[in-house]
Amino acid sequence: MGGQLSEELGTWAASWRHRHLLGLESLSAADITTLLDTAEVLSGRFKSQGQKLDLLSGKTVANLFFENSTRTRNSFSLASKRLGADTIEFASSGSSVSKGETFIDTAKTIEAMGADAVVVRHATPGTASLLSEHLDCSVLNAGDGAHEHPTQGLLDILTIRQKRGSLRGLTVGLVGDIAHSRTARSNIWGLQKLGAHVIVCGPATLVSRKWEAHGVEVAHRLDDILPKCDVLNLLRIQFERQAIRPFPSVREYALLYAMNAERMRRAKPDVLIMAPGPINRGVEITPEVADGPHSVILQQVGNGIAVRMAGLWLSINANCNKAGVSASDRS
Ligand code: CP
């Protein structure tokens, strides 16, 4: 990497004011662009160097997962290691939570072991924000209930930007269980800030008209929006968050909303097919589409490491420099 890129990294680190990464709703378009640019530079630097970077050498990142995860947990862990940090891997099952220790006491205990950043996933909306009020270290939200999943939004947006060059003017369809999806929320805030038109699509029981007040188009028939979407992001039906089944059967849902070979023929010829994963093959997407030439699902996974490197590095730097951060910037 040349001196110019090193200079850019230094400029971004010096200007980044956010000690925590809690959601995309509270970030500006410039903030999101800085995260994406930093992700590109850090992952490019790691690849060209062929070895770990030492940007977080001597720092410790703790993964606190109170919900299951494959992609987010492992990519935060790998991102930390690629930056030279040590990691603490906490899983609620098998921990002293079963003995009655509270969520905040658990997090404070892990912080007392020397964590410079805590990455937290929890079923309750607002938990990452709550932790940020109780800990001195950086807090990064790895998914809080149906509220936000900021690094998922960032990796989705980075993947689109890599494929299309810019978000401005693109139409992105988010299809499926919008009501229970933290990924949908982070995508909506981030995509809109970067100039994309967002359509949310799914059964009326899972897609509220309230989104129209935020400038989001609402649709209930996938077939109606297919010809105008540049990107389709197919969200999983989150059965684990639903009190009542929102449609008569999974088979009926798949008939109306699964992206399949026949629907691909009616979509734009260069449509991008995305899914945050885990995917339910045959429910929101059929295997020939998930594994087909339009799918960027595995590129999304790779970009997860890049955006998490950026989020960790920028947040920890801002926390180290917090003496110079004004109270209003301490978000
Ligand atoms: N997309 C996502 O958050 O996947 P995991 O639940 O596997 O982390």
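**Exercises: the ligand and its surroundings**

An oxygen atom of the ligand lies 2.9 Å from a polar backbone atom of R71. The model behind these exercises is predicted.

**Exercise 1.** Decide which of the ligand's oxygen contacts, those to R71, T72 and R121, count as polar contacts.

*Solution.* Step 1: take the cut-off, which for a pair of N or O atoms is within 3.5 Å. Step 2: the backbone of R71 supplies a polar atom at 2.9 Å from a ligand oxygen. Step 3: in T72, an N or O atom of the side chain is 2.6 Å from an oxygen of the ligand. Step 4: for R121 the side chain again provides an N or O atom, at 2.9 Å from a ligand oxygen. Of the 260 Å² of accessible area that the ligand has on its own, the protein covers 90%.

**Exercise 2.** List the residues around the ligand and sort the shell by class.

*Solution.* Step 1: the list reads S69, T70, R71, T72, R121, H149, Q152, P276 and G277. Step 2: sorting gives 1 nonpolar, 6 polar and 2 charged residues. Step 3: the space that the ligand takes is the largest pocket.

**Exercise 3.** Explain why the ligand lies between the two domains.

*Solution.* Step 1: the domain assignment splits the chain into domain 1 (2-147 + 303-319) and domain 2 (150-301). Step 2: both domains give residues to the shell around the ligand, so the ligand lies between them. Step 3: the C-alpha centres of domain 1 and domain 2 are 26 Å apart, and 34 residues of domain 1 are in contact with 28 residues of domain 2.

Conventions:
Residues numbered from 1 in each chain as written. Predicted model: local features only at pLDDT ≥ 70, side-chain atom pairs only at ≥ 80, totals over all residues. Heavy atoms only, no water. Near = heavy atom within 4 Å. Polar contact = N/O pair within 3.5 Å; in protein donor to acceptor, adjacent residues only side chain to side chain. Areas by Shrake-Rupley, 256 points an atom, 1.4 Å probe, with all protein chains shown as cover. 1 Å grid on protein atoms, 1.4 Å probe; cavity = no way out; pocket = protein on both sides within 12 Å on 5 of 7 lines; lining within 4 Å. Sits in = over half its atoms within 2 Å of the grid points. Nonpolar A, V, L, I, M, F, W, Y, C, P; charged D, E, K, R; others polar. Domains from an automatic or database assignment. Contact = heavy atoms within 4.5 Å.
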